[in-house]
Amino acid sequence: MAQPFPYTYYACDCYDGNNTSSTKRASQLLQEAEEEERTFDPRSPRANYSLYPLEHLLYCEDCQQVRCPRCIIEETLNWYCPSCLFEVPSSVVKSDGNRCTRSCFSCPLCTSNLQTYSLDQTGESAPPFILECQYCRWSSLEIGIEFEKGQGIAAQLARLGNGGKHIPTNKERDKERERRREVEMRKSRDLLSPSTESTNTDTERDDRPPSHDDLFSNLTAFYKSQVDTQTPSNPFSSHDINFSSPSAYSRIMNLYSTTGSKKNKRSKPSAMREAASSLEGLTIHDPISDAAAIERIKREGWGVTLSPAQKHAQINPNVRFTDEIRPLATLLCTKRSKRCRSCRQILTKPESKITSTRYKIKLLALNHIPRLSIRALNASPPTPVASRTAETFDYNALKPGIPAHFLLHLSNPLFDSIKVTLATPSTTPGKVHSRVTILCPQFDVGANTDIWDDALSSSLSPIKRGSVSEGPAQIEAGKIWDRGRNWTSVAVEIVPGFTNSQGSGSEEQELEEDEDVLEIPIFVRIEYETDAGADDRGLGDSRGSKGEKERREEAFWTVVGVGRIKGA
Amino acid sequence: MSRPSAKKVAAKGEYIETDSGNKVSRRSAITGTANITLGGRTVIMADVVLRGDLHSTRPTASNSGKEGTPTSISIGKCTVVSTSSVLKPPCRMSRGAPNFYPMKIGDNVFIGPNCVISAIAISSHVHIGANVTIHAFAVIKENVKILSNTVVPSAMVVAPGSVVGGRPARIVGEVGEGWGVSGGGAGGGLGVGGGGEEKWVEGGDLRELVRSIR
């Protein structure tokens, strides 16, 4: 998600831990030592996967480390439909798939939600009903579908094909398959003993190619019969495998996949036959349908075809034209709890109720590591939000080559005062070299004490913005700019680099996308003393366990997006 | 809304402040003030249009005791409606006549500039970016972020904790667990906002923001 300037991302170092193999060679060790030395490069391709805004980071108190979405484990608590906000039991999800089974549908063309409307002219809600998209005005009439009832659209749609055709249920399909198989048996007998009465009423039905669902059910039936013939000795598998449920499929897939590893233990099963006819689910490529499709595109143009995204959203992958699409049942969402990947401690656990947005457990990085933010240091005092229309500083047009001053602001969520050391490479990595100087890289940030302490002591506080009254020219190296109860700000001088190469070198090199964004990697190291044994949440002082103090240290990379350098 | 105190009028500031702390810009265009309720500490910025006159025309004497003043727009506490946004209660044709439905907006909702909002309900801790259009009868649940320039189609339900964007709006992500949590208390000073210069965080408590507007 693109954030407006200025922004701060925090780097989680979890990906570094993954490549520590036990068999290290000297070159690898050397390389790792180099990695230690190397500064964080926000432009490296891997950086994309380790940078997160602070709001998305969690904190494991056992490991005393930040946890990013890549170093946590998610556990699904429950499923719900994001449109009707009803919880869907996991058993239903297993049997019916991860789509809403009520009346929630989204438009197959524009992904907006569909609404049920009555076509009745009297204004009463009476049949027939249709689904209509209020955004692009697509309606189910375009594929010839009307509903008899306003409720339970999903169940009705399952029986209705495009153009109002009837979709057979699984039982009907089974019957039809049996019937066809007999017809085919009879035909093959007829071939052996040729007679002229082979053309019967079934031929016109056979003209229509089997639909995707037909083929699928044929294939499942075929595989079921194959499995049955393979394992006649096992009394359970032949009966209780319900082939319409994904769990049964996964069991079958397990059977297939584990044959390699368990080859020694069990006798190798004889090879299964593959589907050989369309009755067994075999799809034979049909050049005639291709030619027909090409003819149709010639006749009606590209307008009748689907875009890749629309096609991809459809359940049937072979859909090509706009009259073949189906309304899409809304995909379900999940509520998830999160655990630390290394110590399995629960980091967040939301309340299981769908409508509730509260958490039972929530360990945020926000409450454990300082928040870093940057803003331009203007001659004018900090502007209230009311005048945000008259932007005082344009972060999207930093002037190259002209030094600009920014304020780096650190606020401390901990209940102990911290010692902060900041470090940054003097020139930013990437093609555009900007010079960065943190004027005061070492400073203290006060503890996050009661807000009233600040209010009471503010009149007595000796440090009250000594420099501002005399104007912004008074930025001094080695001195903090300003400080408050639990925050400190320091000045940063930035000389944005030249986006075109005339300033630095003569070689012609095209800037890639976002190369002109000024991002500064800043290494933050904090040191603090806290009560040993006390909870990290700062409950220690209330418990009064005095005496043993524990020194703690934390260090991490952040990336501060200052703005975009204006092209010269 | 109560009348502003005499002192405030004399000051002739940008905002008229009510007893409950609502700040309403003098340059806002509000119609049907009797049908609008503001929860307190709510900011209505300049050029905002609140269509309070579009209230339900159906007789609602049976279910509510107070007759004659149907509510058309109700806004909760610490909600900010930025400049040039339009809040218009949703309308549906019923029996040949247009009927308006009351719009409800929760607490700590930020509505960016140049938005057109016709949602039926917006829950608390919602952040709506600039130039967003929300069509009639959309429902925005808690802790939702709507990115700038989004068009939320009518009757869409945005589930809690989601980030939506695009035209038409679709769910593009989830807000982090830290959504609306200002770490270690809003520390004052230059700002602890989402890396920005604001004293508040998106989706968080907007009281600081409201206080800073004058």
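The following exercises, each with a worked solution, concern a predicted model with chains that include A and B.

**Exercise 1. Describe the overall make-up of chain A: how many helices and strands does it have, and what percentage of its residues is buried?**

Solution. Begin with the secondary structure: chain A contains 13 helices and 22 strands. Next, consider burial: of the 568 residues in chain A, 37% are buried. Then turn to the contacts in chain A with a separation of 6 or more, of which 66% are between residues 24 or more positions apart. Finally, the accessible surface of chain A is about 32,900 Å², and carbon and sulfur atoms account for 52% of this surface.

**Exercise 2. Determine where Glu554(A) lies, whether it is buried or exposed, and which residues it touches.**

Solution. First, locate the residue: Glu554(A) belongs to strand 22 of chain A, which spans residues 549–564. Second, assess its exposure: the relative accessible area of Glu554(A) is 10%, so this residue counts as buried, the cut-off being under 20%. Third, list its contacts: with residues up to four places away in sequence set aside, Glu554(A) touches Tyr59(A), Gln64(A), Ile369(A), Val524(A), Arg525(A), Ile526(A) and Tyr528(A). With one of these residues, Tyr59(A), the side chain of Glu554(A) forms a polar contact of 3.3 Å. As a last step, take Thr169(A): it is 385 residues from Glu554(A) in sequence, and the C-alpha atoms of the two are 62 Å apart.

**Exercise 3. Identify the residues with the most contacts inside the largest nonpolar core, and the strand that contributes the largest share of this core.**

Solution. The largest nonpolar core comprises 63 residues, and those with the most contacts inside it are Phe406(A), Val420(A), Leu422(A) and Val562(A). Strand 21 of chain A (residues 517–531) supplies the largest share of this core, with 7 residues. Apart from this core lies another, of 41 residues, including Ile44(B), Ile111(B), Ile117(B) and Ile140(B). To examine one residue in detail, take Leu422(A): beyond its neighbours within four places in sequence, its contacts include Leu408(A), Phe443(A), Ile522(A), Phe523(A) and Val524(A).

**Exercise 4. Establish the strand order of the open sheet in chain B and explain why strands 4 and 21 stand at its edges.**

Solution. The open sheet has 6 strands in the order 4-7-12-15-18-21, with parallel pairing. Strand 4 (36–38) and strand 21 (157–158) of chain B each have a single partner strand, so one side of each lacks a neighbour in the sheet. For a pairing inside this order, consider strand 7 (residues 73–75) and strand 12 (residues 103–105) of chain B, which run parallel and are joined by 3 bridges. Here Ile73(B) stands opposite Met103(B) of strand 12.

**Exercise 5. Explain why Cys71(A) and Cys107(A) form no disulfide with their closest cysteines.**

Solution. A disulfide is a covalent bond between two cysteine sulfur atoms. The cut-off applied to the sulfur pair is within 2.5 Å. For Cys71(A), the closest cysteine sulfur is that of Cys12(A), at 3.7 Å, which is too far for a bond. For Cys107(A), the closest is that of Cys136(A), at 3.5 Å, again too far. Both residues are buried: Cys71(A) has 6% relative accessibility, and Cys107(A) has 0%. Over all chains, the count of disulfides is 0.

**Exercise 6. Locate the cis peptide bond between Arg167(B) and Pro168(B), and state its omega.**

Solution. The cis bond joins Arg167(B) to Pro168(B), with omega about -5°. Pro168(B) is in the loop between strand 22 (162–165) and strand 23 (170–174) of chain B.

Note on methods:
Residues numbered from 1 in each chain as written. Chains lettered and ligands numbered in written order. Predicted model: local features only at pLDDT ≥ 70, side-chain atom pairs only at ≥ 80, totals over all residues. Heavy atoms only, no water. Helix = DSSP H or I, 4+ residues; strand = E, 2+ residues; numbered from the N terminus. Buried < 20%, exposed > 50% of the residue type's maximum accessible area, 1.4 Å probe, protein only. Contact = heavy atoms within 4.5 Å. Areas by Shrake-Rupley, 256 points an atom, 1.4 Å probe, with all protein chains shown as cover. Polar contact = N/O pair within 3.5 Å; in protein donor to acceptor, adjacent residues only side chain to side chain. Pairing = 2+ DSSP bridges. Core = buried A, V, L, I, M, F, W, Y, C linked by side-chain atoms within 4.5 Å.
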